[in-house]
Each structure stands twice: as structure tokens, then as C-alpha cells.
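Here are a few exercises to work through with the model open beside you. Try each task before reading its solution.

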Amino acid sequence: MSVPTANEFLGHHMIPVVLGPNRRNYVIDHHHLACDDEGVKSVLATVISDLSKLDRDAFMVVLDNRGWMHHLMRRADGGITQ
């Protein structure tokens, strides 16, 4: 049995997203598979939470509190990258 490619995997799995400010999709898991570097142009997504009514600062706090924020978004001083 062969190892599935990113395209094959994404064809059968949904990427979890959170709706954020301006109703933008924020990928909270499998981001490494959903990136353009892999040549993937579109993915199936499932919205796990609609936080679109929050302002940006409140949205980032909720992402962080629920463990949905990628560790690279945090700055050394404890703040969150813009």
C-alpha cells in the first residue's frame, strides 16, 4: 500500500477552521497540509466555531484560550503577532 500524498489525504479529510473577523477562515489544524507549498489549491473545510462577531483582539484571546492558536503566533514578550 502506498503512502498517500497531501492531495489524496485532503481529498478525504476536512480541514477544521474558525470563522474570524470579516468572516475569514482561520485554519486551526492540518495547516501544513493545506498550504500552497504542497501545490494544493483548494481544500474541504469544516467550520468548528463562528467567532466572526468578535473584534480581532477578542478573537485572538478566544483562539489562545481554546488552544486553537499556533505557537508561532505568540511573541517572546507574551503578546500575539499581528
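A residue counts as exposed when its relative accessible area is over 50%, as buried when under 20%, and as partly exposed in between. Keep in mind that this is a predicted model.

**Exercise 1. The fold**

Work out which pattern the protein chain follows along the sequence, and in which order the strands of the open sheet lie.

Solution.
- Step 1: Begin with the elements: the protein chain has two helices and three strands.
- Step 2: Put them in sequence order, and the pattern reads α-β-β-β-α.
- Step 3: Now turn to the open sheet, where the three strands take the order 2-1-3 and the pairing is mixed.
- Step 4: Strands 2 and 3 are the edges; each has a single partner strand, so one side of each lacks a neighbour in the sheet.
- Step 5: From one strand to the next, the twist averages 40 degrees.
- Step 6: For one pairing in detail, strands 1 and 3 run parallel and share five bridges; Ile15 has Ala45 in strand 3 as its bridge partner.

**Exercise 2. The salt bridge**

Find which side chains meet in a salt bridge, and decide whether Arg23 is buried or exposed.

Solution.
- Step 1: Searching the whole structure turns up one salt bridge.
- Step 2: Its partners are Asp50 and Arg23, with 3.5 Å from N to O; the cut-off is 4 Å, so the pair qualifies.
- Step 3: Place both residues: Asp50 belongs to strand 3 (residues 45-50), while Arg23 sits in the loop between strand 1 (15-19) and strand 2 (25-27). They are 27 residues apart, and the pair links distant parts of the chain.
- Step 4: Check accessibility: Arg23 reaches 53%, so this residue is exposed. Asp50 has 46%, so this one is partly exposed.

**Exercise 3. The aromatic pair**

Say how the ring planes of Tyr26 and Phe59 are arranged: stacked, edge-to-face or tilted?

Solution.
- Step 1: The structure contains one aromatic pair.
- Step 2: The ring centres of Tyr26 and Phe59 lie 4.7 Å apart, and the planes meet at 55 degrees.
- Step 3: Stacked needs under 30 degrees and edge-to-face over 60, so this pair is tilted.
- Step 4: Tyr26 is in strand 2 and Phe59 in helix 2 (residues 56-65), 33 residues apart, so this pair too links distant parts of the chain.
- Step 5: Phe59 is buried at 0% relative accessibility, whereas Tyr26 is partly exposed at 23%.

Key
Residues are numbered from 1 along each chain as its sequence is written. This is a predicted model: local features need pLDDT of at least 70, side-chain atom pairs count only at pLDDT 80 or more; totals for chains, interfaces and linings use all residues. Side-chain values use heavy atoms; hydrogens and water are left out. Helices (H or I, at least four residues) and strands (E, at least two) are DSSP runs, numbered from the N terminus. Buried means under 20% relative accessible area, exposed over 50%, partly exposed in between (1.4 Å probe, protein chains only). Two strands pair if DSSP finds at least two bridges between them. Axes are lines fitted to C-alpha atoms, for helices over the stretch in contact, and angles run from 0 to 180 degrees between N-to-C directions. Rings of Phe, Tyr and Trp (its six-membered ring) pair if their centres lie within 6.5 Å; planes under 30 degrees apart count as stacked, over 60 as edge-to-face and the rest as tilted.
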